[in-house]
Amino acid sequence: MGIGRDITERKKAEEEIKLKNELLQTINAEKDKFFSIISHDLRGPLSAFLGATQILTEEIQNMTLEEIKEITVNMKESAFNIYGLLENLLEWSRLKRGMMDFNPETFNVKQKITASIEVLTESARKKEIKINYSLPDDLEIYADSHMFETVIRNLVSNAIKFTPKSREISVSATAVMDKTIEIKICDTGIGMNKELINRLFLLNEKTNRKGTEGEMSTGLGLLLVKEFIEKHGGKIWVDSEVGKGSTFSFTIGQFENLKMN
């Protein structure tokens, strides 16, 4: 009996050590991801912004109105990229520190999705990308409004980023089995191979690549999207083919289903 207890206690201790090592590896991976984005991905758009301000400061008297307009547009794009990255970094930090509230409520899916995408219309217009909607007027969802907006905004932003000029993106929502809503964001962009798809939602993998117009991408947005969807008890998956585009699909429970849980 004594030997049996010793073996049991040793196995229990080994399991605890294993769990602590796994937790430590996750924490280190999160830290490495965070500082990698700050040191590399944030410096790029900041350097571009500072370079543009320096040109304006030193050369504005010798510049034409068209040249000034071009530089200010570039500054706006850099500022937009910096803001989006900082927003994702802050969201990620708050989530990992357990400081993010989870406040689900009932709202109309169509109204919330179209409002979330409104801030991205300029990016789509610049690339002459048409966004098509297939959203039922009366479909409702029970979810955290802020998290839902972040999910939609990140996925549609990625679709715009990796879709060439003059193509289309579609956003659809349908009620499926078990009182669950399935939302799809489909693009007609550059697509992904299986190797990249398998690495998309892994914290310790590098998945950043530039968009079709050189747009910045860190991969942090997708990690945040996955965390938010799983917070609702949903799941996310990707179907893609190189050169033909990608479809990001995710599920979230409807009002009665999520409320009971």
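Here is a quick tour of some helices and strands in this structure. What you're looking at is a predicted model, where local features need pLDDT of at least 70, side-chain atom pairs count only at pLDDT 80 or more, and totals for chains, interfaces and linings use all residues. Residues are numbered from 1 along each chain as its sequence is written, and side-chain values use heavy atoms, with hydrogens and water left out. Helices (H or I, at least four residues) and strands (E, at least two) are DSSP runs, numbered from the N terminus.

**Helices 2 and 3**

- Helix 2 covers residues 43-59, and its 17 residues reach 24 Å from first C-alpha to last, close to the expected 24 Å. That expected span is 1.5 Å times one less than the number of residues.
- P45, A52 and L56 are the ones to look for in helix 2 if you want buried residues (buried means under 20% relative accessible area, exposed over 50%, partly exposed in between, with a 1.4 Å probe and protein chains only). They cover an arc of only 35° around the axis, so they sit on the same side of helix 2; the arc is that of the directions from the helix axis to the C-beta atoms.
- Flip to the face of helix 2 turned away from that buried side, and you'll find the exposed R43, L50, T57 and E58.
- Helix 3 (residues 65-96) has 32 residues and spans 46 Å between its first and last C-alpha, close to the 46 Å expected.
- Buried residues in helix 3 include I71, M75, I82, L85 and W92.
- Just after helix 3 comes G98, with a positive phi of about 70°.

**Strands 4, 5 and 7**

- Strand 5 (residues 180-187) is largely enclosed by the rest of the structure, because 6 of its 8 residues are buried.
- Strand 4 (residues 168-176) pairs with strand 5 in the antiparallel sense over 8 bridges; two strands pair if DSSP finds at least two bridges between them. One partnership to spot is A175 with I181 of strand 5.
- The hairpin of strands 4 and 5 has 3 residues between the strands, and D178 there takes a positive phi near 60°.
- Strand 5 also pairs with strand 7 (residues 245-253), antiparallel over 7 bridges. Here C186 stands opposite T247 of strand 7.

**Helices 6 and 8**

- The axes of helix 6 (residues 145-161) and helix 8 (residues 220-231) come within 9 Å and cross at roughly 145°. Axes are lines fitted to C-alpha atoms, for helices over the stretch in contact, with angles from 0 to 180 degrees between N-to-C directions.
- Among the residues making the contact (heavy atoms within 4.5 Å) are V151 and L155 of helix 6 and L224 and F228 of helix 8.
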